[in-house]
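Here is a briefing on one protein model, grouped by topic. Have the coordinates open while reading.

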Amino acid sequence: MRVLVVDAGGRGNAIAHAFSRSDKVKEVFVAPGNAGSEFFPKCKHVEEVPSIRSINDIVKFSKKAEVDLVYIGPEEPLSLGLVDRLEEEGIPAVGPKKEATILEASKCWCKDFLKRIGVPIPEYRNFDEPEEAKEFAKEMFEKGKKVVVKADGLAAGKGVFVCDSLDEAIFAIEEIMVRKRFGKAGDRIVIEERLYGIEVAFTAISDGKTVKPFGHAKDYKRAFDPDDIDGMREFYIGFFKKFITKAEAEKMFKEGKLLNPNTGGMGAVSPHPKLDEDLENKIMDIVVKPVIREFKRLEGKTFKGVLYPVIMLVEEDGELIPKVLEINVRDCDPGAEAKLPRLETDMANISWAVINGELGDVDVRFSQDYCVAVCAVSGALKGREGLKPGYPSDHYTSQPIEGLEEAMKSAIVYANGIAKPNGYVTTGGRVLTVVGRGKTLEEARAKAYESLSKIKFPGMRYRRTIGLDVPD
């Protein structure tokens with residue numbers, strides 16, 4: 001069979017890699033993919049599809065290549081109705097229909113829905129006026145509660161600001177609602193209480209009737225390690241175009257005013273080191289199953305595909321309670337890069353079971369091994385346009401990459417954003433995700449960092465604490 005994976009980055013290449021391991025699969029196309037899509041047997045990227053948003057081109061290629069099924073990775077083509085269009089053309093697809101993507105496409109709507117069905121969530125309020133939002137943030141801090149500010153719409157994982165001070169909250173509100181960093185996605189925002197506990201990137205898969213766990217990961221979202229003052233200082237200078245000395249940076253760090261922005265993800269560990277079977281079952285019973293069931297009962301919408309709730313396990317009266325920070329309607333990234341190498345069940349079998357409503361007959365299994373995924377990103381770099389702060393903000397591209405082939409001898413490398421005009425060059429903020437695998441977390445972590453040390457490109461930056469138990 002022929003499979004088309006719709007994605008442009010590392011998650012899509014991890015999905016394609018999973019399909020390539022199936023004896024049932026002859027070819028895997030990744031649209032648009034990147035130069036790293038061809039690191040794996042049977043896989044090739046589709047240059048004639050320019051973007052994940054090119055719905056007509058994706059449908060056209062699916063028909064031309066006579067693919068047997070399409071698996072959609074990112075949220076944007078799902079929210080644009082790609083599954084609906086494919087099904088109209090008689091092409092089977094894995095992913096939710098457009099109407100079901102509201103669970104991710106509107107954080108405001110989703111928070112209200114979760115509250116209505118009794119799924120545990122943080123204290124929150126939705127806003128469409130920045131001044132009212134600032135007043136609520138001020139009230140929260142006066143009560144001794146820190147906040148998280150989130151753009152309502154899709155923002156490629158970058159629309160979340162974890163705020164340690166009122167100044168940071170006001171900056172986040174203005175960045176989203178006033179300066180419109182994320183366009184219309186920032187017309188509304190959610191402000192919620194910042195929770196403390198064990199954060200889990202949890203995924204489940206549903207055929208509309210049956211829902212099963214689909215692996216989990218510990219995600220690392222902050223751009224810099226907690227003590228990387230030099231890195232945060234360089235980012236601050238590039239982002240605000242304002243020079244600060246090391247002494248000033250240290251003072252700002254102690255006051256909680258030195259920016260350490262959230263990202264789409266700097267690395268992940270799978271399985272989550274602190275999640276056991278009992279906690280997995282609790283998340284399924286308290287969060288996942290009610291969401292799937294009540295979404296159909298109250299909204300009349302069937303959810304088919306991967307559901308990815310971000311969970312904070314919060315201790316209350318000596319018991320860990322799963323509280324939902326947000327819901328996503330697709331696989332995690334870079335959690336998928338850490339999770340999917342451990343998948344033992346045939347990816348083609350899982351996909352057909354979702355499409356045909358037969359997931360109850362499939363045993364979804366993962367290896368007991370650990371995988372540690374570390375992202376190498378485009379960091380601060382001075383060039384023709386001056387100092388750019390690097391991912392998750394403005395960054396230089398087209399930087400030459402060395403050492404890829406050597407790194408792939410000892411680890412899996414999923415390309416997030418690379419091209420190969422002659423040699424390999426960078427094309428995005430996240431460039432490569434290097435995955436080490438081992439019987440223990442320590443072994444997997446050592447392999448990931450050993451392999452990563454062989455890769456070089458100008459401005460390359462990565463966190464050194466992926467796999468460690470550090471505040472994030």
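Which residue of strand 2 does Val 3 stand opposite? Val 3 faces Val 28. This is a predicted model. The points below cover its sheets, its second largest pocket, its cavities, its aromatic rings and its cysteines.

**Parallel sheet**

- Five strands make up an open sheet, and their order is 3-2-1-4-5.
- The pairing in this sheet is parallel.
- Strand 3 and strand 5 (93-94) are the edge strands, each pairing on one side only.
- Strand 1 covers residues 2-7 and pairs with strand 2 over six bridges, in the parallel sense.
- The Val 3 and Val 28 contact just described belongs to strand 2 on the Val 28 side.

**Strand 11 and its partners**

- Strand 11 runs antiparallel to strand 10 (residues 198-207), and five bridges join the two.
- Phe 202 has His 216 of strand 11 as its bridge partner.
- Strand 10 and strand 11 form a hairpin with three residues between the strands.
- Gly 208 in that hairpin takes a positive phi near 100°.
- Strand 12 (residues 262-270) is also antiparallel to strand 11, with four bridges between them.
- Tyr 220 stands opposite Gly 267, a residue of strand 12.
- Strand 11 is mostly covered, with eleven of its twelve residues buried.

**Second largest pocket**

- The second largest pocket holds about 340 Å³ of space.
- Its lining has 16 residues, and the closest to the pocket centre are His 216, Glu 280, Arg 342, Phe 366 and Gln 368.
- His 216 therefore has two roles to track here: bridge partner of Phe 202, and one of the residues closest to the centre of this pocket.
- Strand 11 (211-222) and helix 11 (277-299) each supply at least two lining residues.
- Strand 11 gives the most, with three residues.
- The lining has a mixed character: six nonpolar, five polar and five charged residues.

**Cavities**

- How many cavities of 30 Å³ or more does the structure hold? There are four.
- The largest cavity has a volume of about 60 Å³.
- Residues lining the largest cavity include Ile 15, Tyr 71, Leu 78, Val 94, Val 306, Arg 330 and Asp 331.
- By class, that lining has eight nonpolar, two polar and two charged residues.
- The second largest cavity contains about 50 Å³ of space.
- Its lining is formed by Phe 161, Phe 171, Arg 181, Phe 235, Phe 239, Leu 259, Pro 261, Pro 392 and Ser 393.
- Seven of these residues are nonpolar, one is polar and one is charged.

**Aromatic rings**

- The whole structure contains 18 aromatic pairs.
- One of them joins Phe 39 and Tyr 424, with ring centres 5.9 Å apart.
- Their planes lie at 80°, so the pair counts as edge-to-face.
- This pair links distant parts of the chain, 385 residues apart.
- Phe 39 sits in the loop between strand 2 (27-32) and strand 3 (43-45).
- Tyr 424 sits in the loop between strand 19 (418-419) and strand 20 (425-426).
- Are these two rings buried or exposed? Phe 39 is buried at 17% relative accessibility, and Tyr 424 is buried at 13%.
- Phe 161, Phe 171, Phe 182, Phe 224, Phe 235, Tyr 236, Phe 239 and Phe 240 form one aromatic cluster.
- Among the cluster members, Phe 161, Phe 171, Phe 235 and Phe 239 also line the second largest cavity.

**Cysteines**

- The structure holds zero disulfides.
- Cys 110 is in no disulfide, and the nearest cysteine sulfur, in Cys 108, is 10 Å away.
- Cys 110 is buried, and its relative accessible area is 3%.
- Why does Cys 375 lack a bond to Cys 332? The sulfur of Cys 332 is the closest cysteine sulfur to that of Cys 375, yet at 12 Å it is too far for a bond.
- A disulfide needs the two sulfur atoms within 2.5 Å.
- Cys 375 is also buried, with 0% relative accessibility.

Definitions and conventions: Residues are numbered from 1 along each chain as its sequence is written. This is a predicted model: local features need pLDDT of at least 70, side-chain atom pairs count only at pLDDT 80 or more; totals for chains, interfaces and linings use all residues. Side-chain values use heavy atoms; hydrogens and water are left out. On a 1 Å grid over the protein atoms alone, a cavity is a set of points where a 1.4 Å probe fits but cannot get out, and a pocket is an open set with protein on both sides within 12 Å along at least five of seven lines; lining residues have an atom within 4 Å of a point. Grid points are joined across faces, edges and corners, and a volume is the space filled by probe spheres set on the points. Ala, Val, Leu, Ile, Met, Phe, Trp, Tyr, Cys and Pro count as nonpolar, Asp, Glu, Lys and Arg as charged, and the others, Gly among them, as polar. Buried means under 20% relative accessible area, exposed over 50%, partly exposed in between (1.4 Å probe, protein chains only). Two strands pair if DSSP finds at least two bridges between them. Rings of Phe, Tyr and Trp (its six-membered ring) pair if their centres lie within 6.5 Å; planes under 30 degrees apart count as stacked, over 60 as edge-to-face and the rest as tilted.
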